[in-house]
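Please walk me through this structure step by step, in running paragraphs that a first-year student can follow with the model on the screen.

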Amino acid sequence: MSTSSPTLRGFPGLVLAVRFCTELALLAGLAVAGARLGGNVLLDVLAAVLWPALAAVIWTFVIAPRAKRRAPEPTRFILEVALFGVAALGLIAAGLPAAGIALGAAGIAVAVAVRVWAKEG
């Protein structure tokens with residue numbers, strides 16, 4: 001297992017920086033969708049905290065470059081697309097279709113871009 005981190009130089013570095021931004025947007029989108037779809041105040045707060053927490057756990061343990069049990073490709077890609085898809089559908093169901101479509105499209109496009117221009121191994 002390599003302990004080196006991906007380099008942040010040139011276009012691949014830009015792709016990885018944008019990926020980090022989409023990861024943050026994923027967590028924010030899940031929090032917003034959870035808060036709007038909870039049903040009452042207690043469920044709103046629980047969903048707004050637990051949905052992004054679950055996504056962060058999945059990302060940390062299976063998708064992240066330094067994950068100890070990192071899934072192989074294409075499983076990682078499928079999980080990434082699934083997380084962005086769930087967030088997009090959650091935002092759409094919460095009455096924010098433009099945000100949902102934008103988050104889903106950007107997240108999936110960046111997931112593809114990472115595999116094309118910023119290969120992590």
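**From one tryptophan to the core**

W59 has a relative accessibility of 9%, and because buried residues are those under 20%, W59 counts as buried. Since this is a predicted model, the values that follow are computed from predicted positions. A good partner to look at next is F84, which is buried as well, with a relative accessible area of 1%. W59 and F84 form an aromatic pair of the edge-to-face kind, with 6.4 Å from centre to centre and 85° between the planes. W59 lies in helix α2 and F84 in helix α3, so this pair ties together parts that are 25 residues apart in sequence.

Now widen the view to the surroundings of these rings. Leaving aside residues up to four places away in sequence, F84 touches T22, E23, L26, W59, L103, G104, G107 and I108. The largest nonpolar core of the model has 13 residues, and those with the most contacts inside it are L26, L30, W59, L83, F84, A87 and L103. At least two residues of this core come from each of α1 (10-37), α2 (41-63) and α3 (75-93), and the largest share, four residues, is supplied by α3. Apart from this core lies another one, made of six residues, among them V15, V110, A113 and A118.

How do the axes of α2 and α3 cross? They come within 11 Å of each other and cross at roughly 170°. Angles over 145 degrees count as roughly antiparallel, and therefore α2 is roughly antiparallel to α3. On the α2 side the contact is made by A55, I58, W59, V62 and I63, while on the α3 side it is made by R76, L79, E80, L83 and F84. Sorted by class, this contact of α2 with α3 has eight nonpolar residues, two charged residues and no polar ones.

A search of the whole structure finds two aromatic pairs, and one of them, formed by F11 and W117, is still to be described. The rings of F11 and W117 are also arranged edge-to-face, at 5.4 Å centre to centre and with 85° between the planes. This pair links distant parts of the chain, for F11 is in helix α1 and W117 is in helix α4 (residues 97-117), 106 residues apart. Is F11 buried or exposed? F11 lies in between, because a relative accessibility of 44% makes it count as partly exposed.

Note on methods:
Residues are numbered from 1 along each chain as its sequence is written. This is a predicted model: local features need pLDDT of at least 70, side-chain atom pairs count only at pLDDT 80 or more; totals for chains, interfaces and linings use all residues. Side-chain values use heavy atoms; hydrogens and water are left out. A nonpolar core is a set of buried Ala, Val, Leu, Ile, Met, Phe, Trp, Tyr and Cys residues joined through side-chain atoms within 4.5 Å. Buried means under 20% relative accessible area, exposed over 50%, partly exposed in between (1.4 Å probe, protein chains only). Contact means heavy atoms within 4.5 Å. Axes are lines fitted to C-alpha atoms, for helices over the stretch in contact, and angles run from 0 to 180 degrees between N-to-C directions. Angles under 35 degrees count as roughly parallel, over 145 as roughly antiparallel, 65 to 115 as roughly perpendicular and the rest as oblique. Ala, Val, Leu, Ile, Met, Phe, Trp, Tyr, Cys and Pro count as nonpolar, Asp, Glu, Lys and Arg as charged, and the others, Gly among them, as polar. Rings of Phe, Tyr and Trp (its six-membered ring) pair if their centres lie within 6.5 Å; planes under 30 degrees apart count as stacked, over 60 as edge-to-face and the rest as tilted.
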